[in-house]
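Hello,

Here is the structure I promised to pass on to you. Have a look at it first, and then read on for what turned up in it.

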Amino acid sequence: MLNIPKVAQYARFSSDNQRSESIDAQIRAMNQFCKQNHWQVVSTYTDEARSATTDNRPQFQQMIADSGKGLFDIVLVHKLDRFSRDRYDSAIYKKKLKKNHVKLCSVLERMDDSPESIMMEAVLEGMSEYYSKNLAREVMKGMNETALQCKHTGGCPPLGYDLDENRHLIINEQEAQAVKIIFQMFADGYGYTTIIEYLNAHGYKTKRGKMFGKNSLYEILSNEKYTGVFVFNKAAARADGKRNNHAQKDSYIRIEGGCPAIIGKKLFAQVQRIKAKNKRNTGRYHSKEFYLLTGKLVCDVCGKRMIGNLRFSGRSKTRLATIRIVQCATTRS
């Protein structure tokens, strides 16, 4: 009996000058290839607007998981760079496929198990990764030039701003009012929850028209653009390559007077001092009870801050508050 190979097709396009029609073209070419080789297509996986420099692709991950279920013998791609543009990821996932007795094949790059094919495949993967990283570098170069002209580099502008015809930031008066309220209330000692409740109760919305949340407030209170300073590429990258708004780079574009100011520098500086102080005294926000000396008492041996401890004593359940230090060798002994 003829053993017909079962094929899982994988197609992907990223956002760099590609459209959904790219996936249709890939699938059409793969269907034709399978027909010529008398292979049976049993499933098709597609990821739209997903970069191959990362493995954060839902359908790709589903395909890898399904490869261990014996559903198909071959994973077919139009080109090897559709599978991955990262050599490390490529090696990891090809090894997983091999462990599951699944072969990776390409329509345009004909590979076999010969030493020459192994060398050629490594060269193609290296060229693909180079193309991806070089493209990212060129894109960033263009964005830096745009930022140096104090023009918005993409995405949604911050709350309180719109864009003019030249992509410069201009003030949206209604949204700017919300920004002023947020900064002033925080400077007056109000917490995130109170500010959020006030904004939502008075009909203010985020830039995307949604209710306010803690994350949106943190970004607003940290954005120096509201003082008229145009800032670009300030946030540091996380381990997965995504932006980390809670950390900043040592070097970034910062242009005084590059955009219209909504609040004063004095108010912004005051807010940053409060944020820094609150960050040091995190115990106050994690505790269900408020202690007057939170963040103020420290152990004179190890220097660590003392924490409050509440317990109930006797039948009357009298509340007894004590303080203690955690992980101090002297206090333990």
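**Two helices that cross**

Please keep in mind that this is a predicted model. Helix α6 (residues 173-187) and helix α8 (residues 214-222) have axes that come within 10 Å and cross at roughly 85°. Angles of 65 to 115 degrees count as roughly perpendicular, so α6 is roughly perpendicular to α8. On the α6 side, the contact is made by Val179, Ile182, Phe183 and Phe186. Leu217, Ile220 and Leu221 are the α8 residues that take part. If you sort the residues of this contact of α6 with α8 by type, you get seven nonpolar, no polar and no charged.

**Aromatic rings**

There are nine aromatic pairs in the structure, and I picked out two of them for you.

One is formed by Tyr10 and Phe60: the ring centres are 5.5 Å apart and the planes stand at 70°. Planes over 60 degrees apart count as edge-to-face, so that is what this pair is. The pair links distant parts of the chain, with Tyr10 in strand β1 (residues 6-13) and Phe60 in helix α2 (residues 58-66), 50 residues apart. Are these two rings buried or exposed? Tyr10 has 0% relative accessibility and therefore counts as buried. Phe60 is also at 0% relative accessibility, so Phe60 counts as buried.

The other is the pair of Tyr161 and Tyr226, which is stacked, with 5.8 Å from centre to centre and 10° between the planes. This pair, too, links distant parts of the chain: Tyr161 belongs to strand β5 (residues 161-163), while Tyr226 sits in the loop between α8 and β7 (229-232), 65 residues apart. Buried means under 20% relative accessible area. Tyr161, with a relative accessible area of 0%, is therefore buried, and Tyr226 is buried with a relative accessible area of 1%.

Back to Tyr10 and Phe60 for a moment: ring pairs link them with Phe83 and Tyr93 into a cluster. If you have the viewer open, try showing the side chains of Tyr10, Phe60, Phe83 and Tyr93 together.

**Charges over rings**

Which residue lies over the face of Phe60? That is Arg57, at 4.2 Å from the ring centre. Elsewhere on your list to look at, Lys225 lies over the face of Phe230, at 4.8 Å from the ring centre.

Happy to go through any of this with you over coffee.

Best wishes

How values were computed: Residues are numbered from 1 along each chain as its sequence is written. This is a predicted model: local features need pLDDT of at least 70, side-chain atom pairs count only at pLDDT 80 or more; totals for chains, interfaces and linings use all residues. Side-chain values use heavy atoms; hydrogens and water are left out. Axes are lines fitted to C-alpha atoms, for helices over the stretch in contact, and angles run from 0 to 180 degrees between N-to-C directions. Helices (H or I, at least four residues) and strands (E, at least two) are DSSP runs, numbered from the N terminus. Angles under 35 degrees count as roughly parallel, over 145 as roughly antiparallel, 65 to 115 as roughly perpendicular and the rest as oblique. Contact means heavy atoms within 4.5 Å. Ala, Val, Leu, Ile, Met, Phe, Trp, Tyr, Cys and Pro count as nonpolar, Asp, Glu, Lys and Arg as charged, and the others, Gly among them, as polar. Rings of Phe, Tyr and Trp (its six-membered ring) pair if their centres lie within 6.5 Å; planes under 30 degrees apart count as stacked, over 60 as edge-to-face and the rest as tilted. Buried means under 20% relative accessible area, exposed over 50%, partly exposed in between (1.4 Å probe, protein chains only). A charge sits over a ring if NZ of Lys or CZ of Arg is within 6 Å of the ring centre and within 35 degrees of the ring normal.
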